[in-house]
Amino acid sequence: MSKYPIKGNKTTNKMVIDYQSLVDQENYETLKDYEGSDGISVICPEEGTMKWEFDVEEAGLYNVEIEYYPYKGKGMNIERELSINGEIPFRNAQYLSFSRVWRDATKIEQDANQNDIRPSQVEDPKWQSTYFNDYLGYEQEPFLFHFEKGTNTIELKSIQDTMLIHSLVLKQHEEIPTYKELKALYKKDNYQKVKLDQEIKIQAEQAAYKSDPMLYPTYDFSSSFKRLSVRVLMFF
């Protein structure tokens, strides 16, 4: 897969695009202060295209962050196609995927023969903030998009399922430091190594939330982290 094209320079500007920038506001259902989010959020249905129009002070390359809520729908990953100023900027922008939030419906229980019973998965929606990125993971960094100085538009065409959108943000994502850089920072701030009387273990099957209902506990007798005589529940 070829790398998506980039032109222009990164900027340090940050711009929030919210309900006030939405074109044809009267055509959309809105919710105010929904589930702890301040202000107006817009329901983006599973069909149609939403369009925002806004002014950019400085031309250049921006990452786009979206704050969304996986609103009630069909329980599938949310999919959208992106256009900027009426054009799809590159091939990967045709498919943006936004996950829902899932959890185990119950604790892991056992049957009469002491066999673990796989818990069913239920949706547990929460507000999410994520960048527009490559859902396949070929591009590790969030996508960069070029915006001109002056009036610009963003369109999201619905491909699959419903979402609630609070805002879009044009910004630069925070660079993750290398381990060497972080270690030096810890040393500068006089962080001390912790001495534990007993090691802390967190089993994979105890995940509080998941991005996909297919991430469920299952058996694995070959784990190197436990004796083979002990059953281990892992996520796949």
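## A tour from strand β4 to the second largest pocket

Begin by selecting Asp55 and Thr151, since aspartate 55 stands opposite threonine 151 of strand β14; keep in mind throughout that this is a predicted model. Widening the selection to β4 and to β14, which covers residues 150–160, brings up an antiparallel pair joined by 8 bridges. Show the side chains of β4, residues 49–56, and an alternation appears: Met50, Trp52, Phe54 and Val56 are buried and point to one face, whereas Thr49, Lys51, Glu53 and Asp55 point to the other face and are not buried.

The next stops are salt bridges, of which the model has 9. Select Glu65 and Lys171, whose closest N and O atoms lie 3.4 Å apart in a salt bridge. This pair links distant parts of the chain, with glutamate 65 in strand β5 (residues 60–69) and lysine 171 in strand β15 (residues 163–171), 106 residues apart. Glutamate 65 has a relative accessible area of 17% and is buried, and lysine 171, with a relative accessibility of 17%, counts as buried as well.

Move on to Arg103 and Asp124, which form a salt bridge with their closest N and O atoms 3.2 Å apart. Here too the pair links distant parts of the chain: arginine 103 belongs to strand β8 (residues 102–104), while aspartate 124 sits in the loop between β11 (121–123) and β12 (128–131), 21 residues apart. Arginine 103 counts as partly exposed because its relative accessibility is 31%, whereas aspartate 124 counts as buried because its relative accessibility is 18%, under the 20% limit.

Staying with strand β8, select Asp104 together with Lys210; the salt bridge between lysine 210 and aspartate 104 has its closest N and O atoms 2.3 Å apart. Lysine 210 lies in the loop between α1 (179–188) and β16 (217–220), aspartate 104 lies in strand β8, and the two are 106 residues apart. Both lysine 210 and aspartate 104 are buried. Then select Arg100, Glu123 and Asp161, which are joined into one network by salt bridges that share partners.

For the final stop, turn to the second largest pocket, which has a volume of about 220 Å³. Which residues should be selected to show the lining of the second largest pocket? They are Tyr179, Lys183, Tyr186, Lys187, Asn190, Tyr191, Gln192 and Lys193. Colouring this lining by residue class separates 3 nonpolar, 2 polar and 3 charged residues.

Key:
Residues are numbered from 1 along each chain as its sequence is written. This is a predicted model: local features need pLDDT of at least 70, side-chain atom pairs count only at pLDDT 80 or more; totals for chains, interfaces and linings use all residues. Side-chain values use heavy atoms; hydrogens and water are left out. On a 1 Å grid over the protein atoms alone, a cavity is a set of points where a 1.4 Å probe fits but cannot get out, and a pocket is an open set with protein on both sides within 12 Å along at least five of seven lines; lining residues have an atom within 4 Å of a point. Grid points are joined across faces, edges and corners, and a volume is the space filled by probe spheres set on the points. Ala, Val, Leu, Ile, Met, Phe, Trp, Tyr, Cys and Pro count as nonpolar, Asp, Glu, Lys and Arg as charged, and the others, Gly among them, as polar. Buried means under 20% relative accessible area, exposed over 50%, partly exposed in between (1.4 Å probe, protein chains only). Helices (H or I, at least four residues) and strands (E, at least two) are DSSP runs, numbered from the N terminus. Two strands pair if DSSP finds at least two bridges between them. A salt bridge is a side-chain nitrogen of Lys or Arg within 4 Å of a carboxyl oxygen of Asp or Glu.
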